[in-house]
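Grab a pencil and open the viewer. Below are some short exercises, each with a worked solution to check yourself against.

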Amino acid sequence: MVQKIVGYQGVPGSYSSIAAGECFPSAESKGFPTFEDVVRTLQRGEIQYGLLPIENSTSGRVADLHHLLPKSGLAIIGEHFLPIRHCLIGYRGAKKADVRKIYSHREALGQCAQYIRSLKAEPVPYGDTAGAVQYVVEEKRKDIAALASQKAASIHADAVILQKNVQDAADNVTRFLILAKKHNLKLQKRNVITSVVYRTRDVPAALFKSLAGFATTGTNIIKLESFVPMARHTDAHFYLEFEGHPDFFPYSVAVEELQNYTKSFEILGTYPKSPYRRKFNGA
C-alpha cells in the first residue's frame, strides 16, 4: 500500500504541521516553503492531500488561497479548526525580562500584538513560527525570542518556554482547508459547506441580485469576501461559502440564481462541516 502524504506550508512544529497530524494521523506529513509549493506538488500527484490555512479568528483572512485555488484543478474536501496557543520561546538561560525582539510569522505577531507591547519588545516578522524558534536557538542570544507552539519548542534541546498562552484572545483559532486532486466524496445535502468563487456581470446591483436566491430559499451564507486577483487592479471577484449541497433543492435554486448574474463561476468544493462548528456554534 502506498503511504499517503499530506503537504503543508512550514516546518515540523509549525501549527500547520500540528493540524496535518490531527487531520491525517496515519499519513506522512511533509512541509513546503510556500502555499504555491503545496498546490503545485498536489497538482503533480506527488502528495495526496494539502492542508492550508484560510482564516484566523483574531487576525482574519490568510492571504493567497483565494488566488491559488480557482482553476487549480484541486477541490476542497474538508475543513479543520485548530486552537492556537502561542508560547514565548527563548534560548536556554534566557528570562522574559531579557527579551528585546520577538520573531514569528506575521500572523502570530498580530495575534499577540498586545502581549508584545506589554513586554516593550520589537516584533520582527519571520517566515514561519517554528522556523523562528530554530533561528533563536541558532543565534544563542538571550535578548531575542520566538512566538510558536509548545511542540516547536520541544524539537530543540536548547529552547526554553518563557511563558505559555500569550495570545491576546483566549479563543484564538485557525481554520484550515483540506485539498485533494480528485473529489469523489458522497455527501448528504445537509451538514455540508460549499465554497465558490465568482465574478459578477457589469449590471447595476449585480452583487445584490446574485445573492437574492440565497435569501428567498433560506440558504445560509457563512462567508462572503471580495478580492482582486493578482496582477489585476479592477474587476473584483467574490469568495462565497454557504451551507448545503448545490445539487439538491433548494440550494440548487440559489446557485442557479447566482449564476444568472456572473461572468465566471467555479465551485471549489462541497465538504462536511467540521465537528468544531457543532460543538462551539451549535451549527
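## Exercise 1: Two lysines in loops

**Task.** Are Lys120 and Lys71 buried or exposed, and where do they lie?

**Solution.**
- Step 1. Start with Lys120: its relative accessibility is 74%, so this lysine counts as exposed. Keep in mind that you're looking at a predicted model.
- Step 2. Find its place in the chain. Lys120 is in the loop between helix H5 (113-118) and strand S8 (122-125).
- Step 3. Check the backbone. Lys120 isn't a glycine, yet its phi is positive, about 55°.
- Step 4. Now take Lys71. Its relative accessibility is 80%, and the cut-off for exposed is over 50%, so Lys71 counts as exposed.
- Step 5. Lys71 sits in the loop between H3 and strand S5 (75-83). Here too phi is positive, about 60°, although the residue is not a glycine.

## Exercise 2: One face of a helix

**Task.** Which residues of helix H2 (residues 35-43) are buried, and why do they line one face of the helix?

**Solution.**
- Step 1. List the buried ones: Phe35, Val38, Val39, Thr41 and Leu42.
- Step 2. Look down the axis of H2. The buried residues fall within an arc of 170°, so they line one face of the helix.
- Step 3. Ask what that face packs against. The partners of the buried residues are strands S1 (5-9), S2 (28-32), S3 (49-56) and S11 (173-180), plus helix H3 (65-68).
- Step 4. Move just past the end of H2. There you meet Gly45, with a positive phi of about 80°.

## Exercise 3: Hunting for disulfides

**Task.** How many disulfides does the whole structure have, and why is there no bond between Cys87 and Cys112?

**Solution.**
- Step 1. Search everything: the count is 0 disulfides.
- Step 2. Take Cys87 and look for the closest cysteine sulfur. That sulfur belongs to Cys112 and is 9.7 Å away, too far for a bond.
- Step 3. Compare with the cut-off: a disulfide needs two cysteine sulfur atoms within 2.5 Å.
- Step 4. Run the check from the other end. For Cys112, the closest cysteine sulfur is the one in Cys87, at 9.7 Å.
- Step 5. Look at accessibility. Cys87 is buried at 3%, and Cys112 is buried at 0%.

## Exercise 4: A pocket and a cavity

**Task.** What is the volume of the largest pocket, and which residues line the largest cavity?

**Solution.**
- Step 1. Begin with the largest pocket, which has a volume of about 440 Å³.
- Step 2. Find its centre. The lining has 26 residues, and the closest to the centre are Gln9, Phe35, Pro53, His105 and Glu107.
- Step 3. See which elements supply two or more residues to this lining: helix H1 (15-23), H2, S3, helix H4 (106-111) and S11. H4 gives the most, with 4 residues.
- Step 4. Sort the pocket lining by class. You get 9 nonpolar, 12 polar and 5 charged residues.
- Step 5. Now the cavity. The whole structure has 1 cavity of 30 Å³ or more, and the volume of the largest cavity is about 40 Å³.
- Step 6. Its lining is made up of Ile54, Leu65, His66, Leu69, Leu177, Tyr239 and Leu268. By class, that's 6 nonpolar, 1 polar and no charged.

## Exercise 5: Two helix residues and a cis bond

**Task.** What are Ser210 and Glu257 in contact with, and which residues does a cis peptide bond join?

**Solution.**
- Step 1. Locate Ser210 in helix H8 (residues 206-216). Its relative accessible area is 0%, so Ser210 is buried.
- Step 2. Skip the neighbours within four places in sequence. Ser210 is then in contact with Tyr198, Leu258 and Tyr261.
- Step 3. Go to Glu257 in helix H9 (residues 251-259). At 28% relative accessibility, Glu257 is partly exposed.
- Step 4. Skip the neighbours within four places again, and the contacts of Glu257 are Lys209 and Gly213.
- Step 5. Finish with the cis peptide bond: it joins Phe249 and Pro250, with omega about 5°. Pro250 is in the loop between strand S14 (237-243) and H9.

How values were computed
Residues numbered from 1 in each chain as written. Predicted model: local features only at pLDDT ≥ 70, side-chain atom pairs only at ≥ 80, totals over all residues. Heavy atoms only, no water. Buried < 20%, exposed > 50% of the residue type's maximum accessible area, 1.4 Å probe, protein only. Arc of directions from axis to C-beta. Contact = heavy atoms within 4.5 Å. 1 Å grid on protein atoms, 1.4 Å probe; cavity = no way out; pocket = protein on both sides within 12 Å on 5 of 7 lines; lining within 4 Å. Points joined across faces, edges and corners; volume = space filled by probe spheres on them. Nonpolar A, V, L, I, M, F, W, Y, C, P; charged D, E, K, R; others polar.
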